[in-house]
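Q: Please take a close look at one loop position in this model and describe its surroundings. Please then set that position in the context of the rest of the chain.

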Amino acid sequence: MIIKHLDRLNTQLLKEYSEGIFFINCEGDIVFSNEAVFKLTGNEHKQKSQQLTALIHKSKQQQAQELFQRALRRSKKLY
């Protein structure tokens, strides 16, 4: 019971934090984001299944995708 309460509290704190915070899965889907992310990027599409690249300017999306793939390869080597 107390762990569920702490999880809800942590989630609420993350949502209200003034800095942009988001979590992505290995496919690059945004699984959590707070309002500050959308204010920062000017992106009004708040879909749960949105891709990380949707938050990045089109001129930088290819570079971001390459960096994301490189990070995934490195993290797999750790396990």
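A: **A loop residue and its surroundings**

Leaving aside residues up to four places away in sequence, Asn34 touches Leu14, Lys15, Tyr17, Glu19, Gly20 and Ile21. The model is a predicted one, and the distances below are to be read as computed from it. Asn34 itself sits in the loop between strand S2 and helix H2, the latter spanning residues 35–41. Is this loop residue buried or exposed? Its relative accessibility is 1%, and Asn34 therefore counts as buried, since the limit for that class is under 20%.

Two polar contacts involve the side chain of Asn34. In one, a polar atom of that side chain lies 3.0 Å from the backbone oxygen of Leu14. In the other, the side chain reaches the backbone nitrogen of Ile21, also at 3.0 Å. Leu14 and Ile21 both appear in the contact list of Asn34 as well.

Helix H1, which covers residues 2–16, contains Thr11. Between the C-alpha atoms of Thr11 and Asn34 there are 9.4 Å in space and 23 residues along the chain. Thr11 has a relative accessibility of 32% and so counts as partly exposed. Its side chain reaches the backbone oxygen of Asp7 at 2.9 Å.

The strand on one side of the Asn34 loop belongs to a hairpin. Strand S1 (residues 22–24) and strand S2 (residues 30–33) run antiparallel and are joined by three bridges. Within this pairing, Ile24 has Ile30 of S2 as its bridge partner. Five residues separate S1 from S2 in the hairpin, and Gly28, in the turn, has a positive phi of about 90°.

An aromatic pair is also found here; the count by the ring-centre rule comes to one. The centres of the Phe23 and Phe32 rings are 5.5 Å apart and their planes meet at 35°, so the pair is tilted. That class holds because the angle is neither under 30 degrees, as for stacked rings, nor over 60, as for edge-to-face rings. The two partners fall into separate accessibility classes: Phe23 is partly exposed at 40% relative accessible area, whereas Phe32 is buried at 15%.

A second loop residue meets the hairpin. Leu52 is placed in the loop between H2 and helix H3, which spans residues 61–78. With residues up to four places away in sequence left out, Leu52 touches Phe22, Ile24, Gly28, Ile30 and Phe68. This list includes both members of the Ile24 and Ile30 bridge pair and the turn residue Gly28. Leu52 and Ile30 are 22 residues apart in sequence, yet their C-alpha atoms are 5.9 Å apart in space. At 14% relative accessibility, Leu52 counts as buried.

Helix H3 also holds Ala64, which is buried with a relative accessible area of 19%. The C-alpha atoms of Ala64 and Thr53 are separated by 7.1 Å, with their positions eleven residues apart along the chain.

The wider frame is as follows. The protein comprises three helices and two strands, arranged along the sequence as α-β-β-α-α. Of its 79 residues, 20% are buried; Asn34 is one of these, given its 1% relative accessibility. Contacts between residues at least 6 apart in sequence include 17% that join residues at least 24 apart. The exposed area of the protein is about 6600 Å², of which carbon and sulfur atoms supply 57%.

As for confidence, the mean pLDDT of the protein is 80, and 82% of the residues score at least 70. The highest confidence lies in S1, at 85, and the lowest in H1, at a mean of 79.

Methods. Residues numbered from 1 in each chain as written. Heavy atoms only, no water. Phe/Tyr/Trp six-rings, centres within 6.5 Å; stacked < 30°, edge-to-face > 60°. Buried < 20%, exposed > 50% of the residue type's maximum accessible area, 1.4 Å probe, protein only. Pairing = 2+ DSSP bridges. Helix = DSSP H or I, 4+ residues; strand = E, 2+ residues; numbered from the N terminus. Polar contact = N/O pair within 3.5 Å; in protein donor to acceptor, adjacent residues only side chain to side chain. Contact = heavy atoms within 4.5 Å. Areas by Shrake-Rupley, 256 points an atom, 1.4 Å probe, with all protein chains shown as cover. pLDDT = per-residue confidence, 0-100.
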